Amino acid sequence: MTSHFPNRQSSKTSSFQMLENANQEILTKILNFNNPAITKQFLETLQSKNALYHKIIQNSPDLIWLKDSNGLYLLCNQRFVDFVGIPESDILGQSDTTLKAPNLSDLLKVNAEEAIALDPIVYVIENQATFANDGHCEVIEVTQSPLYDEAGNLLGILGIGHNVTIRKQSELKLQKSEERLALAMRGANDGLWDWNLQTDEVYYSPRWKSMLGYEPHELEHHFRTWLNLVHPEDKAPVLEQIRAYIAGTAHTFEAEMRMQHKDGQIVYVLSRAFLVHRNLDNQAIRLVGTHVDITERKKADLFDDKHAEILKMIATGIPAPAIYDEIALLYEGQHAGLRCSMLELENGRLLHGGAPSLPKEYCEAVHGLENGPEVGSCGTSTYTGKRVLVENIETDPKWAKLKSAALPHGLRCCWSEPIKSSSGEVLGAFGMYYNHPALPNEEELNDLISAARLASIVMERDHAQKRIRQLAYTDILTGLASRAHLYQTVEASIQGYKRYHHRFSLLYIDLDDFKGVNDSLGHDAGDLLLKEIAKRLQVVCSKLDFVARLSGDEFCIVLRDMEKEEYSAAAIAQRCLKQISYPLELCGRYITPACSIGIANFPEDGTDLATLLKAADTALYAAKAKGKNQYVFYEPELTKQAEYRFQIEQYLRQAIEKKELYLVFQPQIHLKTGKIAGIEALARWHHPTLGNIPPQDFIPTAERIGMIKPLTEWVLKTACKQVASWHHKGFAVSPMSVNISPEHFLDNDFVPFIQHLLEETKIKAKHLNLEVTESVVQTNPKNLEVFQQLKSLGVSIAIDDFGTGFSSFASLKHLTVDYLKLDKYFIDDMAIDRKSQVLLRSMIDMGHNLGHGIIAEGVETVEQVQMLRQLGCDVAQGYLFSRPLEGKKVPNFLRDKI
C-alpha cells in the first residue's frame, strides 16, 4: 500500500515499516474481536500474505484505522472512509484536528495520550455515530489500543469501530419489555416472590410486602416468613398444593389463602407460581410466583354467599332471633369495629331481636323501653319512622336518659334506620354502633339501609307467621282455640303424661238440632248462638282446661284439672248440659239450646290423638242415639257398634249388584170384611258375613251415604215385577205399597221414572201405592206439583208414620192423598193409654173428614183390632194377621183369604 504524508517525508520509511510490522497484530485483533476461536496456525499462514491482510481489512464491516505515535493517520479501511466522508488520500497523514470531519468527535472520545495512559487496559466506548456519505445512524462500539515494538516503544494507536446497533436495539427492547412488565405488575396489583428451593431463601418484592402493610426493608427473606403470615387453617392445604406442583402430580399451582396483615386484619391473597428450571437430576430449583390482593372481591363473594344463606334461612322458616344474629354478623364483617342490633316494635315498645356483639347488659337495658322522640336512636327512629344518625351518644340530647347504659360499654355513636313492612308500617329498627364518635360514610350508610331492608323481610315474615298461627290456632267466629290448636294441645298432653303421668279427659260436644236454628232463623242467628255457647263453655271450665271449636256446632274440652271431684269429667259434662240449656233470645225469638256429649279418658280409651278423638266421637254418637241432651262415656262396645255401622256402609254399596237384597211382603186387611186390602213390599238384606241386617240399620245408612235412590228404584222395580207376576198367575193383589224416601220423592226424575216403570211392567197405576213420610207434606209449590203429577198418573199415595213428624195439618188441605198411615207408636199402648185413644180418634176422624182412608200398622192383638174398628179405622196390618212373607208364599196366603 502506498501513502504520502505531506510535511512528514522523513518519517515515511519508518511509518511503512511500522505498518508492515503491525499488520499481523492488526489482523489478529480484528479477528479476535469478531471470532476468538481463530487458531495460531491459521494466523501464521495469513502473516505471509500482506495483500490478503489489506483485502481483509478493507472488506471488514468494522471501522479500522491506525495512527502513529504523533496521532497521524497511517491506515484506514473503506468502512472508516465512508464514515468520515473524505477520500482516503485526504485522511492519511492528517490528525483528528486537521481533518475537517465533525462526525469524528462523535466517534472518538479519547486521543492517543489518553489511550496510552490507559495502557494496558483496552478502552471501549459506545457512541451513536452518523455516516457522512449516506447520513444513516449506527451505534458504534470503539476500541482504541496502543501498539508497541519489541523494545517497548510506542508505534501508534489501533482503532476499531464495531457496529453494535442490532445488539443495542435488542437490549433496548428488552429494557422496555422489563419496564412494561414492572408497570403491568404494579397495575395488576401483583406482588412478586422468588423462592430458591435449594437454599430456602425467598425474594419478596416491595409490592408483595406493601400488600401486607410492610416497608421494603422489613420482613426476612426466608420461607418461614411466608409460613408465619399464612392463616393456620390455610397453611396445610396450600403447602400440599405446592408439593404436588413441585413433584409434578399437579400441572399448575394456583391457591387462595388468608394472610395476616401487619395491623392484624386478614388479607385474602390469590397466589400463582411456576417452576423456573430444574437441574440435571430433574429436581426443581426455583419457584417464582405472584400474589394478588383479592380481599375486596372475596369480601364481596362472602357477603353475597352469606346474604343468600340468610335469604334461605328466611325462606325455610328459621326462627327470627337466629336470623337477626346472622344479619348483624354479616354487616359487622364489612366494617372493622362495627356492632349491630335489631329491635322489634310491639305495641309501642322496643323488644330485643338480635345483637350478637353487644353486651347483654345493654340489650337488657333497652329491651321493653317505650319508644318516643327522645329515646335514643332506635326509639326515636321507630317513633318518627325516619333515619336517626347520632354522632356522639355522650352529647346528643336523644341519649340523655340512655347514655348511662351505653357509655360504660364503649358505645360512642349510633345510627338507626327504621325497619318497615312492604306497606310502610314500622316494624322495628336496625342500629349500628362504633366505639368512637362518627357519622356514616357513603358505604356505611348504604349498608345501614341495606341491613334494615333485609331485616324487614324477616320481621314481615315473622308478623305474617304470627298472623297465620293466630288464624290456624284461633277460631275466628268464637275466639276459642281451633281444631289445629286442639290437636297440638292433645299431643302435648300425651307427651306430658309420658313424663309426669297426668291423666286427662276429652269431651266431644255437639249441639242438638242446630240445623233447625240455621234453617228457621238464618245463619247469622246460628253464628250468634255459637258465640254464646263458646262463652258458656269457658265459664264451666277451670283455667287449666282447654276449650276449642272443631267446626260447625262441634266443640271439644280437654280436662286437665281432674284432681278435685268438682272438676271430674262427669261433673264438667253435667255443668255443660245445664249451662248450655239456659234459654236465650235470638232474632226476637227465645230458644232453649241443648247438646250431646261424648267422653273419652286418656290413656284408658286411647293412647294417641286419633284413637282418643275417635273414642270421644263414638261416645257422642251413642249420646245422640240415646235421645240427645245427655253425656255418654266411651265403652269398647260402642266401637263395635261403630264398626258395625261402618261395615254396613261399605257393604251396602255392593249389596244390590251382589243380589244380597230381597223383598218380603206384608198383607193389609180390611177391618170390616177381613179381606185383602193390599200388600206392602219390605226390603231385607242378608249379608254372607254379617247375616241378616234389619232395615232400621241399613235404610238410614243408605240415606246418609246417598244410596237411597238406587235402593228405592230397585225395590220399586222388583215390587212391580212381582205384582205383574202374581196378576199373570191369576192372583189379584192391589195395591202394592212401597216406601219412598222424601229425597227421592222430590227428585226431578222421580215422576218420569214411575211412568216408565208402569209402562215397562204393564201394571195399572192403581195397583201401585207410594208411601212417603209427612216431612214432604209442605205447602212448597214444588211438593204440590209432584203430588199432582202422581195423582194424574193414577198412583195412590199414603202419608206414612202420620202424627210423628213436624208437618202442618193445614198443609193437608193442599194435597190429594189417599191414605193416612198411623204409626205403631200410637197403636202399642192404645188399649191402656186414654191419650193415645183420644189422639187416634182425632186423627181418624180428621182423615175421614178430609177424604182419606186410614191404615193402622203394627197391629198385634185382638184388643187393638176391636178398638180400631170402634174408632172407624179402615185397614190394618201387623203380626196378628201375618208376618212379612216371601214372594212365593203370598199366593197361598191369598188362597186362604178367598
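**Helix α15, its sheet and the nonpolar cores**

Trainee: What makes helix α15 (residues 376–384) largely enclosed in this predicted model?

Mentor: Buried means under 20% relative accessible area. Because 7 of the 9 residues of α15 are buried, the helix is largely enclosed by the rest of the structure. The buried residues are Gly376, Ser377, Cys378, Gly379, Thr380, Ser381 and Thr382.

Trainee: What covers the buried residues of α15?

Mentor: The cover includes β11 (339–346), β12 (349–354), β13 (388–390), β14 (413–420) and β15 (426–434). Just after α15, glycine 385 has a positive phi of about 75°.

Trainee: What is the order of the strands in the open sheet, and which are its edge strands?

Mentor: The order of the 5 strands is β12-β11-β15-β14-β13, with antiparallel pairing. The edge strands are β12 and β13, since each pairs on one side only. From one strand to the next, the twist averages 25°.

Trainee: Why are β14 and β15 said to pair?

Mentor: Pairing requires at least two bridges between the strands. Antiparallel β14 and β15 are joined by 8 bridges, so they pair by this definition. Isoleucine 419, for example, has glycine 428 in β15 as its bridge partner.

Trainee: Which strands does helix α13 lie across?

Mentor: Helix α13 (residues 320–332) lies across β11, β12 and β15, at about 145° to β11. As for α15, its direction makes about 30° with that of β14.

Trainee: Which residues touch the most other members of the largest nonpolar core?

Mentor: Of its 72 residues, these are Leu716, Met736, Val738, Ile754, Leu768, Leu770 and Leu790. Helix α25 (residues 708–728) gives the most to this core, with 9 residues.

Key:
Residues are numbered from 1 along each chain as its sequence is written. This is a predicted model: local features need pLDDT of at least 70, side-chain atom pairs count only at pLDDT 80 or more; totals for chains, interfaces and linings use all residues. Side-chain values use heavy atoms; hydrogens and water are left out. Buried means under 20% relative accessible area, exposed over 50%, partly exposed in between (1.4 Å probe, protein chains only). Helices (H or I, at least four residues) and strands (E, at least two) are DSSP runs, numbered from the N terminus. Contact means heavy atoms within 4.5 Å. A nonpolar core is a set of buried Ala, Val, Leu, Ile, Met, Phe, Trp, Tyr and Cys residues joined through side-chain atoms within 4.5 Å. Axes are lines fitted to C-alpha atoms, for helices over the stretch in contact, and angles run from 0 to 180 degrees between N-to-C directions.
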